[in-house]
Amino acid sequence: MAFDATKYATIKTVECDRCAAPIPMLSQTIKEEVIDNQGGDLVKLFFFQCPRCGEKYEILIEDNQMREMIRKRKKVLQEIDVKRYIKAREKSIERLIKKSDKIKKAQERHYAELKEKYLPVIRSKNAGNEN
């Protein structure tokens, strides 16, 4: 269970910060690029790009650890939906919500680490492509 671009692309259009062109948000608009593949850990960048000026907008940087956290959190969220559907005790639902929140916080911390490590690489690569 990796990143699902179709679920992300629910907004119709966004405006480019650089040139103000409308960017249609379709699942085909979201692209992925491998930015690191060392030590068996495939690191991917998910992004969309302005069709007019080429400005890139990062959505997600994903490595094996992030993919696993996404998978776990999706599973917990599905469990919450099932518990609500069968009208389970509120206490068991609250326990799952806390578990989901804990995973989300771990994702946020890890994403900050990934951004710190990889955004300079991505930006220098983009600057090299502009010349």
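**View 1. Helix 2 lies across strand 4 and strand 5 of a predicted model.** Helix 2 covers residues 64–85 and runs at about 80 degrees to strand 5. Helices (H or I, at least four residues) and strands (E, at least two) are DSSP runs, numbered from the N terminus. Axes are lines fitted to C-alpha atoms, for helices over the stretch in contact (heavy atoms within 4.5 Å). Angles run from 0 to 180 degrees between N-to-C directions. In this predicted model, local features need pLDDT of at least 70 and side-chain atom pairs pLDDT 80 or more, while totals for chains, interfaces and linings use all residues. Residues are numbered from 1 along each chain as its sequence is written, and side-chain values use heavy atoms, without hydrogens and water.

**View 2. Strands 3, 4 and 5 form an open sheet.** The order is 3-4-5, with antiparallel pairing. Strand 3 and strand 5 (56–62) stand at the edges with a single partner strand each, so one side of each has no neighbour in the sheet. On average, neighbouring strands are turned by 25 degrees against each other, direction ignored. Strand 4 is joined to strand 5 by 6 bridges. Two strands count as paired if DSSP finds at least two bridges between them. Leu45 stands opposite Ile61 in strand 5. Leu45 is also the bridge partner, in strand 4, of Glu33.

**View 3. A hairpin links strand 3 to strand 4.** Strand 3 spans residues 31–38 and strand 4 residues 41–49. Their antiparallel pairing extends over 7 bridges. Between them lie 2 residues. Gly39, in the turn, has a positive phi of about 70 degrees.

**View 4. Cys19 and Cys50 are not bonded.** The structure holds 0 disulfides (pairs of cysteine sulfur atoms within 2.5 Å). The sulfur of Cys50 is 3.6 Å from that of Cys19, too far for a bond. Cys19 is partly exposed, with a relative accessible area of 23%. Cys50 is buried, at 3%. Buried means under 20% relative accessible area, exposed over 50%, partly exposed in between (1.4 Å probe, protein chains only).

**View 5. Helix 2 and helix 3 contribute to the lining of the second largest pocket.** The pocket's volume, the space filled by probe spheres set on its grid points, is about 250 Å³. A pocket is an open set of points on a 1 Å grid where a 1.4 Å probe fits, with protein on both sides within 12 Å along at least five of seven lines. Lining residues have an atom within 4 Å of a point. Among them are Leu60, Met66, Arg73, Lys104 and Tyr111. Helix 2 gives the largest share, 5 residues. Helix 3 covers 90–130.
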